[in-house]
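Please look through the structure shown here and follow the report below, which takes up a few backbone details, the surroundings of a ligand and the packing of several helices.

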Amino acid sequence: MIQKPKGTKDILPGDSYKWQYVEEKAKEILENYGFKEIRVPVFEQTELFERGVGDTTDVVQKEMYTFLDKGERSITLRPEGTAGVVRAYIENGMASLPSPIKMWYMMPMYRYENVQKGRYREFRQIGAEIIGTASYEADVELIAMANETIKKFNIPGVTLNINSIGCPTCRAKYQEALKEFIGKNLDQYCDTCKTRFEKNPMRILDCKERKCKELNQGAPVILDYLCEECSTHFENVKKSLQFLNIPYVIDAGIVRGLDYYTKTVFEFVSETEGYTVLAGGRYDGLVEELGGQKTEAIGFAMGEDRLIDIFEKYAKEEIKDTTPDLYIAYIGEIAKQESMNLAFELRNRGIYVETDICGRSMKASLKYADKMNCRYLLVIGEEEVNTKQAKLKDMKTGEEKEIKLDIESIIENAK
Ligand code: ATP
Ligand code: MG
């Protein structure tokens, strides 16, 4: 038997309502904050991610699904959403639209990961981007929205961690200090980290290797090196979060896995599961890096698979899959015609109706209706069709009622 590729999953019909629930709720919040949906290609030119995400990141160095297409172009399945969204922003001249542009997306992402709990090779993200403002108020609005989204799903034990990773100005000084610290033990770091030392030493702080993590203990933190502008920006973000009663913890260790981040970075971490459910930050240099005008921006991405894993554990009871409002069971050819007709019309009127399409006996039909948890049951034969009267059974209470066999009467009684 052919099996699905490692790190992917099938979202089965019996589970999809959970995904729909999360997506609908998230969408509602996003739209209330003025975000509009954007959809971009599943694959892009490889160079977009090399430049956008950064060629010293884990994502680019180890995790991309890259291949040559039949025209010998290097193509990559998107590992994240922001680079594609920013490319679309530039390519479609969105800079000339009223600013800022607020966009959201729900898209599957592809990374060649070490598959483990909460870490897949195909996973879905719900993301949001605000492009065209450098103001700290945008950071606050975005973090508040992320916070609301997490709250909406009643997931316990999620902490908001924030940090500032400064701008190229503060980073220049910081990287010197960091290189001095790391340089002392460079020979003990992993090979990937060694290659990052000259080009992007901050990346070493994000290495997942145990040995490197240990060596990184006690490294200088960027918060001590922020320039005045970055420092004021961060102070304002913190003050506003306090004002909005959004609890947070400063985590000077957050550097984020993608190169494009500047200033504010944040992660919503599940303490119970030990992983991040939502992460984001400012990326003031990315639009320019990808060929646009200098345009400041901020965004986040929520790991939908992780969110649902936690949701299943703690809050699943809150939602249920839909079950049929009505099952119409019939005996005989005439009643079958009538049933199909009724089912068709009732569905048009917004009622969830099932009737037999498998040639089942009456007994088998009733059994099926029961298994499907149908709310009401209508049984019709030739006599019911002729007299235009039929019995409607409430499957919850067992109560039976004689009703007129027409659309209006069914709608009135079966709700
Ligand atoms: P990590 O440090 O856990 O690898 P990351 O920095 O690579 O995370 P981002 O690229 O910022 O993660 O992605 C944002 C969110 O998307 C993560 O917080 C997580 O919830 C989710 N995510 C990232 N990679 C995966 C994956 N392989 N499987 C499932 N969800 C993921
Ligand atoms: Mg990662």
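P100 sits in the loop between α4 (82-91) and β5 (101-110), and in this predicted model the peptide bond that joins S99 and P100 is cis, with an omega of about 0°. A second backbone detail concerns K263, which belongs to strand β9 (residues 262-270); the phi of K263 is near 45°, a positive value in a residue other than glycine. Both details can be set against a general background: most residues other than glycine have a negative phi, and most peptide bonds are trans.

Next come the surroundings of the ligand. Ligand 1 is surrounded by 16 residues, and the closest of them are R111, R119, Y120, R256 and T276. Several side chains place a polar atom beside an oxygen atom of ligand 1, and the table gives the distances.

| Residue | Partner | Distance |
|---|---|---|
| R119, polar side-chain atom | oxygen atom of ligand 1 | 2.8 Å |
| Q125, side-chain N or O atom | oxygen atom of ligand 1 | 2.9 Å |
| R256, side-chain N or O atom | oxygen atom of ligand 1 | 2.3 Å |

R119 and R256, which appear in the table, are also listed among the closest residues around ligand 1.

The remaining part of the report turns to helix packing. Two packed helices are described by the angle between their axes and the distance between the axes.

How do the axes of helix α1 and helix α11 cross, and at roughly what angle? The axes of α1 (residues 16-32) and α11 (residues 304-314) come within 11 Å and cross at roughly 115°; because angles of 65 to 115 degrees count as roughly perpendicular, α1 and α11 are described as roughly perpendicular to each other. Their crossing is right-handed. On the α1 side the contact is made by K18, W19, Y21, V22 and E23, and on the α11 side by E304, D305, L307, I308, F311 and E312. The residues of this contact of α1 with α11 divide into 6 nonpolar and 5 charged, with no polar residue.

Helix α1 also packs against helix α5 (residues 136-152), where the two axes come within 10 Å and cross at roughly 150°. Since angles over 145 degrees count as roughly antiparallel, α1 and α5 are therefore roughly antiparallel to each other. The crossing of α1 and α5 is right-handed, and the contact is formed by K25, A26, I29 and L30 of α1 together with M145, E148, T149 and K152 of α5. Sorted by character, the residues of the contact of α1 with α5 are 4 nonpolar, 1 polar and 3 charged.

Helix α5 has a further partner in helix α9 (residues 228-243), and these two helices pack at an angle of about 40°, with their axes 9 Å apart. That angle makes α5 oblique to α9, and the crossing of α5 and α9 is right-handed. In this pair, Y136, D139, V140 and I143 in α5 meet H233, N236, V237, S240 and L241 in α9. The contact of α5 with α9 comprises 5 nonpolar, 3 polar and 1 charged residues.

Terms used
Residues are numbered from 1 along each chain as its sequence is written. Chains are lettered from A and ligands numbered from 1 in the order in which they are written. This is a predicted model: local features need pLDDT of at least 70, side-chain atom pairs count only at pLDDT 80 or more; totals for chains, interfaces and linings use all residues. Side-chain values use heavy atoms; hydrogens and water are left out. Axes are lines fitted to C-alpha atoms, for helices over the stretch in contact, and angles run from 0 to 180 degrees between N-to-C directions. Helices (H or I, at least four residues) and strands (E, at least two) are DSSP runs, numbered from the N terminus. Angles under 35 degrees count as roughly parallel, over 145 as roughly antiparallel, 65 to 115 as roughly perpendicular and the rest as oblique. A crossing is left-handed if the near helix is turned anticlockwise from the far one by less than a right angle, and right-handed if clockwise. Contact means heavy atoms within 4.5 Å. Ala, Val, Leu, Ile, Met, Phe, Trp, Tyr, Cys and Pro count as nonpolar, Asp, Glu, Lys and Arg as charged, and the others, Gly among them, as polar. A residue is near a molecule or strand if one of its heavy atoms lies within 4 Å of it. A polar contact is a pair of N or O atoms within 3.5 Å; within protein, one must be able to donate a hydrogen and the other to accept it, and residues adjacent in sequence count only if both atoms are side-chain atoms.
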